[in-house]
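Biologist: I'd like to go through this one with you, a few questions at a time. Can you pull it up?

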Amino acid sequence: MSLPALHPPAKINLFLAIRGKDETGYHEIETVFAKIPNWTDELILEPAAALQIEFIPSEGIDPKNNTLAKAIQVLEAHTGRTFHYKITVHKNIPPCSGLGGAASDAATLLLALNDAENLQISQKKLLELGAQVGMDVPFFLSGFDVALGTHYGKF
């Protein structure tokens with residue numbers, strides 16, 4: 001039985017200040033994120049014999065190396081469990097556009113599996129796990145529609 005379709009939203013940066021660059025190539029930033037609730041991808045999760053991730057359209061997205069696969073890996077490492085789902089992602093948020101589609105997809109997946117699998121992971125721990133997946137993931141896990149973001153970004 002599949003779960004209801006999920007709709008991870010896009011985000012925009014209302015403000016962005018780059019404060020410096022470290023030796024790894026990351027920039028220290030300050031930004032204000034805002035969700036765009038009417039611009040979403042669609043995630044469909046169905047139980048499966050093994051993990052499968054499909055993107056529609058799939059151009060430019062590696063089905064084995066992406067934020068959803070990383071979110072599953074982080075969740076499996078944390079719980080010691082294996083999650084077998086067919087995840088179909090209808091991409092409406094353009095990849096690599098700065099609109100947070102991949103981060104939002106990963107955050108939505110973490111929240112959905114926490115609920116569907118009754119993992120009972122606290123929001124604080126989900127935020128920590130999300131940060132291992134990507135720097136924008138915690139924003140989408142936070143529950144806020146608008147938030148100040150600080151730390152690093154790669155440009």
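Biologist: Is Asp105 buried or exposed?

Modeller: Keep in mind that this is a predicted model. Buried here means under 20% relative accessible area. Asp105 comes out at 1% relative accessibility, so this residue counts as buried.

Biologist: Which residue forms a salt bridge with Asp105?

Modeller: Asp105 sits in helix H2, and its partner is in the loop between S5 and H2, 14 residues apart. The closest N and O atoms of the pair are 3.1 Å apart. That partner is buried as well, with a relative accessible area of 13%. The residue you're after is Lys91.

Biologist: Which residues are joined into one network by salt bridges that share partners?

Modeller: Start from Lys91, which bridges to Asp105. Lys91 also forms a salt bridge with Asp41, where the closest N and O atoms are 2.5 Å apart. That second pair links distant parts of the chain, since Asp41 is in the loop between S2 and strand S3 (42-47) and the two residues are 50 apart. Through the shared partner, the network takes in Asp41, Lys91 and Asp105.

Biologist: Glu117 forms a salt bridge too, so which residue is its partner?

Modeller: Glu117 lies in the loop between H2 and H3, and the partner is in the loop between H1 and S5, so the pair ties together parts that are 36 residues apart in sequence. Glu117 is partly exposed at 22% relative accessibility, and its partner is partly exposed at 35%. With the closest N and O atoms 2.5 Å apart, the partner is Arg81.

Biologist: Back in helix H2, which residues is Thr108 in contact with, leaving aside its neighbours within four places in sequence?

Modeller: Thr108 lies in helix H2 and is buried, with a relative accessible area of 16%. Once those neighbours within four places are set aside, the contacts of Thr108 are Leu6 and Pro8.

Biologist: And which helices do the buried residues of H3 pack against?

Modeller: The buried residues of H3 (residues 123-133) are Leu126, Leu129, Gly130 and Val133. Looking down the axis of H3, they fall within an arc of 105°, so they line one face of the helix. They pack against helix H1 (67-79), helix H2 (101-116) and helix H4 (137-142).

Biologist: Last one: which residue in the turn between S1 and S2 has a positive phi?

Modeller: Strand S1 (residues 9-21) and strand S2 (residues 27-40) pair in the antiparallel sense over eleven bridges. At one spot, Lys21 stands opposite His27 in S2. The hairpin has five residues between its strands, and the one with a positive phi of about 100° is Gly25.

Conventions. Residues numbered from 1 in each chain as written. Predicted model: local features only at pLDDT ≥ 70, side-chain atom pairs only at ≥ 80, totals over all residues. Heavy atoms only, no water. Pairing = 2+ DSSP bridges. Helix = DSSP H or I, 4+ residues; strand = E, 2+ residues; numbered from the N terminus. Buried < 20%, exposed > 50% of the residue type's maximum accessible area, 1.4 Å probe, protein only. Arc of directions from axis to C-beta. Contact = heavy atoms within 4.5 Å. Salt bridge = Lys/Arg side-chain N within 4 Å of Asp/Glu carboxyl O.
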